[in-house]
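Here is a short tour of one structure, with a stop at a sheet, a pair of helices and a single residue. Please keep the 3D view open as you read.

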Amino acid sequence: MEKIFVTRPTLPPFEEYVDEIRGIWDSHILTNMGPKHQKLERELENYLKVENAILFTNGHSALELLLSAYSFPPGSEVITTPYTFASTTHAIVRNGLVPVFCDINEDDCTIDADKIETLITDKTVAILPVHVYGNICDVDKLDKISKAHDLKLVYDSAHAFGIEYKRRGIGSFGDASMFSFHATKVFNTIEGGLISCKDKNTVNRLIDLKNFGIRNEERVIVEGSNAKLNEFCAAMGICNLKHIEKTIENRRIVYERYVRQLIGVKGIELIYPRIPATKNFAYFPIKIKEDYGISRDGLYDLLKTKGIYARKYFYPITNEFECYIGKYTKGKTPIAHKISSEILTLPMYENLDLEYVDKICSIIRQTNRIV
Ligand SMILES: *Cc1c(COP(=O)(O)O)cnc(C)c1O
């Protein structure tokens, strides 16, 4: 029996990648913001409709360095969501800042903007929401709140590659956004990440921070890190970007095949965006409700016995991680907790065989009927 995993990375045609990297054997430029790195930054500014794009080795380093670029006083508070990947909360904590967890909306799983203001104190310096599964946050409301309280607004846009709202790139909202180009994301550079940012000072700070703070041969101006995307990864991005429209279209076909068969199944709820933006079909999450008959974990195990590897994404929520539980107690998040016990993301990737989608859906439908 063939195994089906929750995701499978997109690769460009082999010959295209070989053509793209051939020149490296003439130039011997492997890294340090070489020509491919620069080319990809310009292409992504264009595609993502953002003013400045800065590449990094991965999305997490990008986010960690973005928070460090703002030089917030140690112990400052950042209002964020626990319904996310480990990276978001770790980036806050690893900067010596304190995550303050805000609950999420029941329908689209993004931060509940109406609950933010009650969490603001004189220590709050920033809001860090996540565009979960590519469902964008209420960026208009968040913009108003951050401006009214003079807070930085930075987005974890790891799931939101290519999404547009009001004809603007999603990365142009707020002060800055982080995108992840990890192998499993809609667009990949094998590993990679990006910050889009309007403010020129922050841009320059980030360029310093990703290269040891080295300004020139004789000046080191900040205790920087090393987070430069290498030329082979940049080349993968250049190739994958050429096919991105087709990639998203191929994902749409898989997505719609699922929707047609799972809509209206008793005890199964689909997750829809509440803000009308374009879609990138990054994930296919479903909620398994009490009246489904078996539990989320039951369905997860059942699919596994048939070679189908779904994921409990996001479970556990980050404020329930071993390393954080009991530590950051401010802000209760009962809705995030409940959703994390119901959520299952089904296999979703470009060119996932539609017969497999049908098989997965028929298992889900039949299980419901038996009980
Ligand atoms: C993937 C992801 C990240 C981290 O990105 P990497 O490129 O893997 O470091 C951060 N936040 C979210 C929500 C993610 O899904």
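Contact here means heavy atoms within 4.5 Å. With that in mind, let us start at the sheet of this predicted model.

The sheet is open and has three strands in the order S12-S13-S14, paired antiparallel. Strands S12 (268–270) and S14 (343–346) stand at the edges with a single partner strand each, so one side of each has no neighbour in the sheet. On average, neighbouring strands are turned by 35° against each other, direction ignored. Four bridges join S13 (residues 284–288) to S14 in the antiparallel sense, and Lys-287 has Ile-343 in S14 as its bridge partner.

Two helices lie across strands of this sheet, as the table shows.

| Helix | Lies across | Angle |
|---|---|---|
| H9 (residues 244–262) | S12, S13 and S14 | about 20° to S13 |
| H10 (residues 296–305) | S13 and S14 | about 25° to S14 |

Next, a pair of helices. How do H4 and H7 cross? The axes of H4 (residues 59–69) and H7 (residues 200–209) come within 9 Å and cross at roughly 125°, which makes H4 oblique to H7. The crossing is right-handed. From H4, Leu-65, Leu-66, Ser-68 and Ala-69 meet Thr-202, Arg-205, Leu-206 and Leu-209 of H7. The residues of this contact divide into five nonpolar, two polar and one charged.

Finally, is Asn-240 buried or exposed? Asn-240, in helix H8 (residues 231–242), counts as buried because its relative accessibility is 5%, and the cut-off for buried is under 20%. Beyond neighbours within four places in sequence, Asn-240 is in contact with Thr-10, Leu-11, Pro-12, Phe-187 and Asn-188.

Key. Residues numbered from 1 in each chain as written. Predicted model: local features only at pLDDT ≥ 70, side-chain atom pairs only at ≥ 80, totals over all residues. Heavy atoms only, no water. Buried < 20%, exposed > 50% of the residue type's maximum accessible area, 1.4 Å probe, protein only. Axes fitted to C-alpha atoms, helices over the stretch in contact; angles between N-to-C directions. Parallel < 35°, antiparallel > 145°, perpendicular 65-115°, else oblique. Left-handed = near helix turned anticlockwise from the far one by under 90°. Nonpolar A, V, L, I, M, F, W, Y, C, P; charged D, E, K, R; others polar. Pairing = 2+ DSSP bridges.
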